Amino acid sequence: MEVKHQVSLAEFNTFGLSVHAPLFTEVTTSLALQEVLKDPRFKNALILGGGSNVLLLQNLTRPVIKISIPGIRIIEENEQYAIVSAGAGVVWHDLVMWSIVNNLGGIENLSLIPGLVGAAPIQNIGAYGVELSDVFHNAIGIGRKTGDSKIFETKDCAFGYRDSIFKNELKDEYVITTLRLSLTKSNHKLHLEYGGISKTLDEMGVAAPTIDDVARAVIRIRSEKLPDPTKLGNAGSFFKNPIVLKSKAIKIAKDFPNMPAYTIDENFTKIPAGWLIEQSGFKGKVFGNVGMHKNQALVLVNYGAATGTELWEHAQRVMDAVLSKFDVELEPEVNLIN
């Protein structure tokens with residue numbers, strides 16, 4: 001095990017924030033992770049994947065374990081489905097592309113989501129009408145205190161909107177090392193109703209879309225809206241789309257008839273956070289080194305040498321404005337790390 005001291009995390013977080021960790025090590029196998037977790041120096045370590053869903057507010061006082069466990073393979077299949085196993089260190093989009101090349105459907109709508117596979121069940125990642133929980137088979141985690149391996153089935157994960165048991169009751173208790181998905185081999189069910197996918201497919205001249213066509217449409221949409229974090233520091237969507245009482249959504253729609261909204265059930269409605277932020281005047285507006293992106297108001301951007309504190313202060317500014325204008329509370333999707 002190689003341990004490094006006073007390591008800059010600039011290349012390990014997509015905001016590009018140059019904060020430092022006192023100790024740093026990288027693991028590429030579950031066994032290596034179990035060994036590191038036994039090391040008293042790495043007690044209470046920050047577990048870091050792709051760094052695409054964290055905002056590092058300041059230099060860390062705790063060590064970092066970087067998860068880089070590789071590998072994608074089919075471990076079980078029948079005529080309809082294949083169970084695909086992927087290591088926690090696999091880039092999520094690479095898994096999506098691998099699945100499409102192998103004609104395995106179910107995650108094409110999740111193309112180009114930043115981050116690594118290990119974070120996917122923790123966040124219950126989702127986009128364009130599909131969530132990870134829709135295709136989840138199980139996951140393997142290592143207990144941080146015990147070092148024991150445990151398999152988590154769907155019923156164990158308490159999946160919700162951008163939520164899971166790993167963000168609540170089991171927060172910081174387990175490190176995900178392997179994710180297994182149940183993907184279709186034929187008769188793929190395509191989800192085209194959300195986020196302009198059908199319109200984009202029409203523009204592409206696709207009348208009978210395949211899973212590859214859907215992925216290409218999603219990639220086009222996301223590429224037009226979302227900045228490349230290698231060129232402009234960001235963590236993708238910074239806020240969750242708020243789910244409000246239907247009565248509140250109706251009240252807002254009276255003043256804003258063009259408000260986009262998605263029915264959750266008979267009592268609740270989802271309103272796009274990006275729309276709320278844009279209506280509050282923040283889309284494309286720059287405050288020093290920070291701002292919400294010009295093409296997607298949901299994306300908080302580091303335009304220069306911003307600090308984590310500056311980014312969080314701007315996020316709070318946006319949250320306060322939306323609350324004042326719409327009486328809707330925005331909740332960060334990104335994890336704040338002190």
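## Two positive phi angles

Asn-44 sits in the loop between helix H1 (30-38) and strand S3 (46-48); helices (H or I, at least four residues) and strands (E, at least two) are DSSP runs, numbered from the N terminus. Its phi is near 65°, a positive value in a residue other than glycine. At 54% relative accessibility, Asn-44 counts as exposed, where exposed means over 50% relative accessible area, buried under 20% and partly exposed in between (1.4 Å probe, protein chains only).

This is a predicted model, so to speak a computed picture: local features need pLDDT of at least 70, side-chain atom pairs count only at pLDDT 80 or more, and totals for chains, interfaces and linings use all residues. Residues are numbered from 1 along each chain as its sequence is written, and side-chain values use heavy atoms, with hydrogens and water left out.

Gln-6 also has a positive phi, about 50°, although it is not a glycine. This one lies in a strand, S1 (residues 4-8), and Gln-6 is exposed too, with a relative accessible area of 55%. For context, most residues other than glycine have a negative phi.

## Strands S10, S11, S12 and S7

Take S10 (residues 136-143) as the starting point: 7 of its 8 residues are buried, so the strand is mostly covered. S10 runs antiparallel to strand S12 (residues 174-184), joined to it by 7 bridges; two strands pair if DSSP finds at least two bridges between them. Phe-136 has Leu-181 as its bridge partner in S12, and Gly-143 stands opposite Tyr-174.

S10 also pairs with strand S11 (residues 149-153), again antiparallel, through 5 bridges. Here Ile-140 is matched with Ile-151. S10 and S11 form a hairpin with 5 residues between them, and Gly-147 in the turn has a positive phi of about 80°.

S12 is mostly covered as well, with 9 of its 11 residues buried. Besides S10, S12 has strand S7 (residues 81-87) as an antiparallel partner, with 7 bridges joining the two. Tyr-81 stands opposite Thr-184 in that pairing.

## Sheet S13-S19-S18-S17 and helix H9

Further along the chain there's an open sheet of 4 strands in the order S13-S19-S18-S17, with antiparallel pairing. Strand S13 (233-237) and strand S17 (286-287) are the edge strands, each pairing on one side only. Inside the sheet, S18 (residues 290-292) and S19 (residues 299-302) pair over 3 bridges in the antiparallel sense, with Gly-291 opposite Val-301.

Helix H9 (residues 308-326) packs on this sheet, touching S17, S18 and S19. The direction of H9 makes about 35° with that of S18; axes are lines fitted to C-alpha atoms, for helices over the stretch in contact, and angles run from 0 to 180 degrees between N-to-C directions.

## Helices H2 and H6

Helix H2 (residues 92-101) and helix H6 (residues 211-225) have axes that come within 10 Å and cross at roughly 150°. That makes H2 roughly antiparallel to H6 (under 35 degrees counts as roughly parallel, over 145 as roughly antiparallel, 65 to 115 as roughly perpendicular and the rest as oblique). The crossing is left-handed, meaning that the near helix is turned anticlockwise from the far one by less than a right angle; clockwise would be right-handed.

His-93, Met-97 and Ile-100 in H2 meet Ile-211, Asp-212, Ala-215 and Ile-219 in H6, with contact meaning heavy atoms within 4.5 Å. These residues divide into 5 nonpolar, 1 polar and 1 charged (Ala, Val, Leu, Ile, Met, Phe, Trp, Tyr, Cys and Pro count as nonpolar, Asp, Glu, Lys and Arg as charged, and the others, Gly among them, as polar).

## Two buried isoleucines

Ile-67 lies in strand S5 (residues 64-67) and counts as buried at 5% relative accessibility. Leaving aside neighbours within four places in sequence, Ile-67 is in contact with Val-27, Leu-33, Ile-47, Leu-48, Ala-88, Gly-89, Leu-116 and Val-175. Leu-116 is 49 residues away in sequence from Ile-67 and 9.1 Å away in space, C-alpha to C-alpha.

Ile-277, in helix H8 (residues 273-279), is buried with a relative accessible area of 0%. Not counting residues up to four places away in sequence, Ile-277 touches several residues, including Phe-239, Phe-282, Met-292, Val-318 and Leu-330. Lys-199 is 78 residues from Ile-277 in sequence and 24 Å from it in space, C-alpha to C-alpha.
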